[in-house]
Amino acid sequence: MTDTNPIRIDSATARPILDSRGWPTIEVTLTAGTADATASAPAGASTGEHEAVELRDGGELWSGRGVDHAVRMTQTEVGDLLTSRDWVTLPELDTALTTLDGTENLARIGANTAVAVSIAATRLFAHSAQLPLHAWIAQQSGARPVIPVPHFNVLNGGAHAANDLAFQEFMIAPVGAADIAAAVESGAAVYHALAALIRHRYASTGLGDEGGFAPPLSDPREALDLLVEAIQQAGHRAALDDIAIALDPAANGFSTGPGRYTFSGRELDRETLVAYYRDLVATYPIRSIEDGFAEDDHEGWGLLFQALGDDLELVGDDLYVTDAARIADGARAGLSNAALIKPNQIGTVSRTLAAIATARSNGMQAMASHRSGETLDPFIADLAVGTGIGRIKSGAPARGERVAKYNRLTRLAAADPTLGFGLAPA
Ligand code: PGA
Ligand code: ZN
């Protein structure tokens, strides 16, 4: 990280706002002189066991999901810390936050409190340096900024939908698009073609938490066939150089014991699940598989990496929880060649940048990601651009909280036509 202009925070306020699922989440505002910056925390549904912990109130109100404690924490202990001194660098501020927390997993002040504060502080540092957020992140990370390829999640299952589809996310990635405008247009065209197909074929389209359709189907192959048909109807090729497919099976959700997985009425062991994925990859233009095995099934991850690691990106989400140390361990053990990046899994922007740097220094790809419970905060778009990682997933090309991120990419590209677009190399 390079040096930055110091910031002097005058006040920290917070409030509960609604997230995209109708649950409360914390929004934080920091002021510094005439500047102010606001940020909010997203929330997962299929959260990893090793993620940093959200602070939730418990009790009856909001089914225990209230964030009044987190709001109070921001305006007392955390606020006192933030306003107590000048902050020269973001890592200095983030480290003070995690030290104040004092636990292994941010359980005391809450990862939701920490991530909202850290993102707001990042915005203040960028403002103080008179740089757009993505440019400041690029300066800190030493990367060449690039507009990433959006991975639109258009069919939902698993913990994000009420259907019987075991795999959580079926995404389309317009890797052949010339720029973000073309990528967004073709992603939306496929989404609309898919809507028409599903309306025609199933009793209901249904909708998952990330804005993708959730029709009553259960077999991943049926979902993939539907996707290929929609891509073709939209006038594209389902291909690794035009519109490719990305999967997040989120295998924690159908793991039924150590090394055992059950879906579509079948029980599979590690070898048969690897063979299943290998068949899918041979049949469909799949460019990545995220969480193909459960988070603690390192043996399964190793087998999958040996079988398919040369052919496509195997992305660790629950496996790594955006933790630099876990990513480094995974690289050493040969578990995967890519890491998913979700700031709220690890609690601060500095730790998030460290996770990305660790992935890249180990030759791994990294993909910025939203959560299934979101707000309009587009931070991950700037994060993806500024770190030049070339990949982002933010749900369907529909629904405000999802398109907030894609629209931010469009705005950044329009403001700076020299920014490249694509799957930049690690
Ligand atoms: P979550 O799911 O935000 O509900 O955890 C997203 C994912 O698994 O990638
Ligand atoms: Zn995932």
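In this predicted model, eight strands close into a barrel, following the order β5-β6-β7-β11-β12-β13-β14-β15, with mixed pairing. From one strand to the next, the twist averages 30 degrees. Strands of a sheet pair through backbone hydrogen bonds, in either a parallel or an antiparallel manner.

One pairing within the barrel can be described in detail. Strand β11, residues 286-290, runs parallel to strand β12, residues 313-316, and three bridges join the two. Opposite S288 stands E313 in β12.

A helix packs against part of this barrel order. Helix α12 (residues 379-387) lies across three strands, namely β13 (338-341), β14 (365-369) and β15 (391-393). Relative to β15, helix α12 runs at about 165 degrees.

Aromatic side chains form a further theme. The model contains 14 aromatic pairs. One of them joins Y276 and Y277 in an edge-to-face arrangement, with 6.4 Å centre to centre and 65 degrees between the planes; the planes count as edge-to-face because they are over 60 degrees apart. Y276 counts as buried because its relative accessibility is 10%, under the 20% limit. Y277, at 0% relative accessibility, also counts as buried. Both tyrosines belong to one aromatic cluster, whose other members are F167, F170, F254, Y261, F263 and F293.

Arginine side chains also lie over tryptophan rings, as tabulated below.

| Arginine | Tryptophan | Distance to ring centre |
|---|---|---|
| R65 | W23 | 5.3 Å |
| R85 | W87 | 4.2 Å |

In the second case, the charged end of R85 sits over the ring of W87, while R65 lies over the face of W23.

Notes: Residues numbered from 1 in each chain as written. Chains lettered and ligands numbered in written order. Predicted model: local features only at pLDDT ≥ 70, side-chain atom pairs only at ≥ 80, totals over all residues. Heavy atoms only, no water. Pairing = 2+ DSSP bridges. Helix = DSSP H or I, 4+ residues; strand = E, 2+ residues; numbered from the N terminus. Axes fitted to C-alpha atoms, helices over the stretch in contact; angles between N-to-C directions. Contact = heavy atoms within 4.5 Å. Phe/Tyr/Trp six-rings, centres within 6.5 Å; stacked < 30°, edge-to-face > 60°. Buried < 20%, exposed > 50% of the residue type's maximum accessible area, 1.4 Å probe, protein only. Lys NZ or Arg CZ within 6 Å of the ring centre and 35° of its normal.
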